[in-house]
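Visitor: I have a structure to look at and no idea where to begin. Can you walk me through it?

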Amino acid sequence: MGLHPAVAAVRHGVRRAIAGLERDHAVLVACSGGADSLALLSATVFEARRPGVRVIGVTVDHGLQEGSAAHAARVVDQMAALGADETATARVHVDPAGLGIEAAARRARYDVLEQMRVHFDARSVLLGHTRDDQAETVLLGLARGSGGRSIAGMRRSFDHYDRPLLDVARADTVAACLAEGIEFWDDPHNSDPGFARVRVRQRVLPVLEDELGPGVAATLARTADQVRDDVEALDGIALASYERIGGPEGLDREELEELPRAVATRVLRLAALAAGARDSELFHVHVTALHQLALGAINGEVQLPGHVTAYRDGSRLLFRPTAVAG
């Protein structure tokens, strides 16, 4: 009997992700105990044997559900049983203030994954996001009017992180686990309609599939790849422009005006972040206001998240810390 197609698809994605690793290099696999991450871990253990790469399974306990510590302990045992060379678990504190529970949990998770990556001297961290996750991300970005960056979805790789399963359907990770006899956990949060992503998964995507035909998720994911190419090209142009016209003395307004709007707004975002604005709270409305201020379409100042104020001074757009009332 040949290899199950779903198992082959997951392994193929992992094989590409770890192709540059060599003997004794380490790779972390973030594992929640769900089908996606367990299929990813199993495939990584299999694919890492030949090059001699060490596989470290990591699970993060967000402490958001009753019995989460016991669940994390079970995942650790499961990762070891699947053949991980080492396992680790960490409990994080999730503070949703100003972010919301999902964003706060994501930030806490990435913070601890980065700490573990450094601790284990791992070359990369593999994440189990699937093609369906990508489709949901694109739809949420469209609904929120978040622009090209959001429609571009999740990056296949960034910094030390890789998403090997973005070409693999969620159903295939379930099928891979079933084919390999791996028991997986269904997170109750994945069925909670209080989360927008769950509503997209349970209600919006099925309607699109019914009305437009099958393959909508794959098409949305493919669109994300195409938009990502455009976004990254514009980001590169914007960075070069920012390095040319920006600096401690602010931005040259005349040169900024000569740039296409898509580049100018990216330059303004870079300048705002360099001045201390908070990335997670710097939205389209802020960047649009900065652009209008730079062009002289509005007067006064623009207040940015992170206690940063933008203002004009002659031919330059400048930033300073916002005075906070004592």
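Guide: One term to start with: a contact means heavy atoms within 4.5 Å. This is a predicted model, where local features need pLDDT of at least 70, side-chain atom pairs count only at pLDDT 80 or more, and totals for chains, interfaces and linings use all residues. Residues are numbered from 1 along each chain as its sequence is written, and side-chain values use heavy atoms, with hydrogens and water left out.

Visitor: OK, use that term then. What does L268 touch?

Guide: Not counting residues up to four places away in sequence, L268 touches L251, L256, V287, L290, H291 and L317.

Visitor: Is L268 buried or exposed?

Guide: L268 counts as buried because its relative accessibility is 0%. Buried means under 20% relative accessible area, exposed means over 50%, and partly exposed is in between, using a 1.4 Å probe and protein chains only.

Visitor: Which helix is L268 in?

Guide: L268 is in helix α11. Helices (H or I, at least four residues) and strands (E, at least two) are DSSP runs, numbered from the N terminus.

Visitor: And how far is L268 from H286 in space?

Guide: The C-alpha atoms of L268 and H286 are 9.8 Å apart, with the two positions 18 residues apart in sequence terms.

Visitor: At what angle do α11 and α12 cross?

Guide: Helix α11 (residues 261-274) and helix α12 (residues 284-295) have axes that come within 9 Å and cross at roughly 105°. Axes are lines fitted to C-alpha atoms, for helices over the stretch in contact, and angles run from 0 to 180 degrees between N-to-C directions. The crossing makes α11 roughly perpendicular to α12. For the wording, angles under 35 degrees count as roughly parallel, over 145 as roughly antiparallel, 65 to 115 as roughly perpendicular and the rest as oblique.

Visitor: Which residues meet there, from α11 and α12?

Guide: From α11 there are R261, A264, T265, L268, R269 and A272, and they meet V287, T288, L290 and H291 of α12.

Visitor: What about α5 and α9, how do their axes cross?

Guide: The axes of α5 (residues 131-144) and α9 (residues 216-245) come within 8 Å and cross at roughly 70°, and the two helices are therefore roughly perpendicular to each other. On the α5 side the contact is made by R131, D132, Q134, A135, V138 and L139, and on the α9 side by A217, A218, L220, A221 and A224.

Visitor: Let me step back. How many helices and strands does the protein have?

Guide: The protein has twelve helices and ten strands. Its C-alpha trace spans about 75 × 50 × 40 Å along the principal axes, and buried residues make up 45% of its 326 residues.

Visitor: On to strands. Why is β1 described as largely enclosed?

Guide: Strand β1 (residues 26-30) is largely enclosed by the rest of the structure because five of its five residues are buried. A26, L28 and A30 are buried on one side, and V27 and V29 on the other, so to speak of faces, both are covered.

Visitor: Which strands does β1 pair with?

Guide: β1 runs parallel to strand β2 (residues 54-61), joined to β2 by five bridges. Two strands pair if DSSP finds at least two bridges between them. β1 also pairs with strand β4 (residues 124-126) in the parallel sense, over three bridges. V29 stands opposite G57 in β2, and in β4 the bridge partner of V29 is L126.

Visitor: Where is the open sheet with antiparallel pairing, I mean which strands?

Guide: That open sheet has four strands in the order β7-β10-β9-β8. β7 (251-252) and β8 (301-304) are the edge strands, each pairing on one side only. β8 and β9 (residues 308-313) are joined over four bridges in the antiparallel sense, with T309 in β9 as the bridge partner of Q303.

Visitor: Now cysteines. How many disulfides are there?

Guide: Zero. A disulfide is a pair of cysteine sulfur atoms within 2.5 Å.

Visitor: Why is there no bond from C31 to C177?

Guide: The sulfur of C31 is 9.0 Å from that of C177, the closest cysteine sulfur, which is too far for a bond. C31 is buried at 3% relative accessibility, and C177 is buried at 0% relative accessible area.

Visitor: Last one. Where is D187?

Guide: D187 is in the loop between α7 (170-180) and α8 (196-212). D187 counts as buried, at 18% relative accessibility. D187 and S32 are 155 residues apart in sequence and 8.8 Å apart in space, C-alpha to C-alpha.
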